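Morning, everyone. I have one structure to show today, and I will keep it short. Please have a look at it before I start.

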Amino acid sequence: MKAFGTDYDGVIINIEAQKAKAFGKLINKTWGVNQKEARDFWIEKGGTSRKYKFDYFYEKAFKKQLSDDEYKRIEIEFSRILKNEFYPRVKLLDGALELLKFCRENFDHTFVSSGVTMEEIKYLVELNGLSNYFDLTLGTDFKFISKNEHFNEIKRIWRPDEVYFLADGLEDMKIAKSFKFYSIGITTNHSKKDLENAGASEVVDNLSQATLSIKKLVANS
Ligand SMILES: [Mg+2]
């Protein structure tokens, strides 16, 4: 049984930089955090959950843990900004449809594993017209705190012999490696070297290269 999984932002679409900026602006306005530091942190920590990023700056600013209620309030605001200002204009990256078509036809199961909140990633996949390409779309919430929980779930429900995972974040590569998944890093937001150091099985520069390399892997498996 073979499964193919992909991260979403940074692979299928790329608005990480815009989200980083919006995040910086919002927590600067709300918590007085330095905007540039917040922006850089967002990019650096690609592949982690949204909650993790808010938690980090709240603790840093106030020396205490972010409460669930406070998180909910700021997360709703952030989600609203993304849905109103960014998501309606999002375009798929070149080669995304070809990649997803191939994977849909050649894998037993396909999934999305994203650090975006559960409700929002489902909304986004639907908005982009891609729901039919995936058996499972996973974002983060109180049960699925990170991609660790996603990958455990994948193993539990499908018991795959092989999992290929495509993503742009360093954290993605680290977690995929710890699960012994075959990880393909894409250089949307990080260099080849950084992705390799984080544990990527291989690195590609764009989605047509990714499709080619997945075709080879499937042919040889
Ligand atoms: Mg990403």
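I will go through the overall build, then the two domains, then one helix and one set of strands.

First, what this is: a predicted model. The chain has 10 helices and six strands. Its radius of gyration is 17 Å, close to the 17 Å that the globule rule gives for 221 residues, so the chain is as compact as a globular protein of that length. Along the principal axes, the C-alpha atoms fill a box of roughly 55 × 35 × 35 Å. Of the 221 residues, 40% are buried. If you take the contacts between residues at least 6 apart in sequence, 62% of them join residues at least 24 apart.

Now the domains. Domain 1 is made of 2-14 + 93-220, and domain 2 covers 16-88. Their centres, taken over C-alpha atoms, are 23 Å apart. At the contact between them, 21 residues of domain 1 meet 12 residues of domain 2. Which elements give two or more residues to the domain 1 side? They are strand S2 (109-117), helix H6 (118-127) and helix H8.

Next, helix H2, residues 35-44. Its buried residues are Ala 38, Arg 39, Phe 41 and Trp 42. These cover an arc of only 165° around the axis, which puts them on the same side of H2. What do they pack against? The buried residues of H2 pack against helix H1 (16-31) and helix H3 (50-62).

Last, the strands around S5. S5 runs over residues 182-186, and four of its five residues are buried, so the strand is largely enclosed by the rest of the structure. One neighbour is S4, residues 162-167, which runs parallel to S5 and is joined to it by four bridges. Within that pairing, Ile 184 in S5 stands opposite Leu 166. Between these two strands comes helix H8, residues 170-178, and the three elements make a right-handed β-α-β unit. H8 is also one of the elements I listed on the domain 1 side of the contact with domain 2.

S5 also pairs with S6, residues 202-204, again parallel, through three bridges. Here Ile 186 has Val 204 in S6 as its bridge partner. The chain gets from S5 to S6 through helix H9, residues 192-197, and this β-α-β crossover is right-handed.

That is what I have; questions are welcome.

Methods: Residues numbered from 1 in each chain as written. Predicted model: local features only at pLDDT ≥ 70, side-chain atom pairs only at ≥ 80, totals over all residues. Buried ≥ 20, exposed ≤ 12 C-beta atoms within 10 Å, placed from the backbone. Pairing = 2+ DSSP bridges. Right-handed = clockwise from strand over helix to strand, strands pointing away. Arc of directions from axis to C-beta. Contact = placed C-beta atoms within 7 Å. Rg over C-alpha atoms; globule rule 2.2 N^0.38 Å. Domains from an automatic or database assignment.
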